[in-house]
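Here are my notes on the model. Please read them with the structure open.

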Amino acid sequence: MILINGLGFCSSSGSMMQELTAATEVNLAVNNLTEDRLKKQLRGCGAFVTAGVRAASQALHDSGISGERLATTGIIVASRLGDQNTTSEFIDDLIDYGIDQGSPLKFANSSHNAAASYIAKVFNIYGPAITSVNFEASFANGLILAKCWLEQGTCDNVLLLQIESCSPLSEVLVNYGKGCITLPSETTAFADSKAQCMAACFLLGNQTLSTSNRVQISISRSAEQCAAPAETAVIETTMADPVRLMSAVLNPLNEQPVTISGITIRIATADIL
Amino acid sequence: MSVCITGMGCLSPAGINCAVTWNGLQGDDAPELTGLSETGQIVFMAPLSPAYDSNGRLHRSVDLLTQALDEALADADLNVISDSSRIGVCIGTTSASFLNDMDFHRKLREHLVDEKSLKRFFSGNPAEYVKKRLALGGPAMTVINACASGADAIGIAMSWLNAGICDIVIAGGADEIHSVSGAGFYSLGVTSQHLCRPFDRDRDGLNLGEGAAVLVLETTESAVRRKRDSGLYVAGYAAAGDARHITQPDPDGCGIERAIRNALNCAGLKTEDIGFINAHGTGTIHNDLAEGHAFARIFADKSPYFSTKGKTGHTLGAAGAIEAVITAIMLRKQQIPGSCRYQHQDPDIPFRPAAAMKITAEYALSTSLAFGGCNSALILKYEPNPGGTKL
């Protein structure tokens, strides 16, 4: 059994500072963060990273975790397709201006583990951080790894996120998953790192935190349900898995197990602990 | 808890397979296959066998991975998999993965995407590719943790095995010489115009390389059941973050120090148990300084350290896996090759890297540092069993 001690979800529109500041004041005073410092730390980041930081801040705020505990927290970022928009911005420069004209800032931010890195940097987290990309199995993989870390004592708390962006690629792949090949619409911007992104975050732990103790979950994996994916099995609803789990967590009396990508999650209210 | 290494495959600029890799690590010469990137930087190529060259049908990283995979499966006597339901796969890769598929991106821009290019795109996720190729029923995870990806893939495999999720995990890393990573490292100004000199006072950057390595990792119960005993084990793993900078490591090496100390704790070892350290040692100013400081604080001058990147180049997401295999080869040989092209001591690094020498070591450490402040440490063990089926 592991505990879900905090939840966060956001779409990348709007200002992130309100949430970040709230998290800072409530939980992270030990890190001496200020709004101005946050702005500096996240300059140059695209919507993918920003959405991840926002979702993480909400989950941390929700949990009431202390700065001391947070320092050794693990971070797992799962994504079906990664940050295509930021990557594309760097590649676009190479195509448009020449192979020797890449921007070092864009390249640094196109590193596929950038979201986890910025979350670690903003919240002073020094635990292990893993980023993975595996189409439809991404979130389930992240959940399994978080369970391993908690049960094996790798860390006492894990921030598990799934982050997805809207991109020309995601548009093509959604349609390919439906069995047809379509080109991106003209309204879909190429290489726009500010394009809409979504992020969901769960703060998982092996013990109750001071101000929050939402639910406990047990996870089992079925090999039969995890047959090798078809190459077209990609994204129908990109955030379906974390949203399904989050909905179940918010309605724990439902008592129906949640099945996502071959793993079954049973949820119980914290009251029965 | 330790997990058994029952098979290894390795393809890098230092050699076409595990058997020849040791010879490829000797001396200060450039590796056999060198060339220039599109930005004019020296790069080291891996000798991909023509039998594995898909001629562009698949990503080159996948071709490299397949060659290393087949070698590892043969070494582990897993050519025929009778029960794949409890076999997982975890592969690290980085900027040369399908996420940076420049041709695909160009086609997207030009509205020329077709089924062929989509199939190629999907085949570029290395863990999913292996899972599909071998029809595995266990979990499949592609790790994109920049240059620590290969080491982290091995660490995740260890977690799955110890959690009882799998009996066997195919773990490793793969990366190719790629336009995007080449242009990116060039833009950062961290590539050398010369052959790299890790830990040397006059080092001026890295040489990119390519390759793949695969380790077949197994629980003790599974290895005993299959009568496989190489005497090699992954004894410990840990990762820790710098939380400092998106590309540069903590100059004091605090992150890699935490990772090493946690890996020692994971393995139940003391610092003096580590017989040698196969360092990340890219040849950049910052990486080598960070590692040099961390090694000095933890080991003083008691454990010889060196880098093999003068012979392999920096193979990015494959590096951690390639260096794990190389570390295992050295443990078996009880020899280390020394740090390629090292001449002058950096006054800011307290202790010199090792020269080539014979050693007596049961445990060895392999370190990986990556963009985003990711640091990983793997500890390998060699305990030869004269009664084992394969030594």
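Which residue in β3(A) is the bridge partner of A:Ile75? The points below start there. Bear in mind that this is a predicted model.

1. Strand pairing. The bridge partner of A:Ile75 is A:Ala129, in β3(A). This pair can be viewed alongside the pairing of strands β2 and β3 in chain A. Strand β2 of chain A covers residues 74-79. It runs parallel to β3(A), and 5 bridges join the two.

2. Cover over β3(A). Strand β3 of chain A spans residues 129-133, and 5 of its 5 residues are buried. In a regular strand, side chains alternate between the two faces of the sheet. In β3(A), one side carries A:Ala129, A:Thr131 and A:Val133. The other side carries A:Ile130 and A:Ser132. Both faces are covered. A:Ala129, the partner of A:Ile75, is thus one of the buried residues.

3. Chain A overall. Chain A has 10 helices and 8 strands. Of its 273 residues, 55% are buried. Take the contacts in chain A with a separation of 6 or more: 83% of them are between residues 24 or more positions apart.

4. A glycine in chain B. B:Gly173 sits in strand β6 of chain B, residues 168-175. Is B:Gly173 buried or exposed? B:Gly173 counts as buried because 40 other C-beta atoms lie within 10 Å, and the cut-off for buried is 20 or more.

5. A distance to check. B:Gly173 and B:Leu269 are 96 residues apart along the chain. Their C-alpha atoms are separated by 26 Å.

Methods
Residues are numbered from 1 along each chain as its sequence is written. Chains are lettered from A and ligands numbered from 1 in the order in which they are written. This is a predicted model: local features need pLDDT of at least 70, side-chain atom pairs count only at pLDDT 80 or more; totals for chains, interfaces and linings use all residues. Helices (H or I, at least four residues) and strands (E, at least two) are DSSP runs, numbered from the N terminus. A residue is buried if 20 or more other C-beta atoms lie within 10 Å of its own, exposed if 12 or fewer, and partly exposed in between; C-beta atoms are placed from the backbone. Two residues are in contact if their C-beta atoms, placed from the backbone, lie within 7 Å. Two strands pair if DSSP finds at least two bridges between them.
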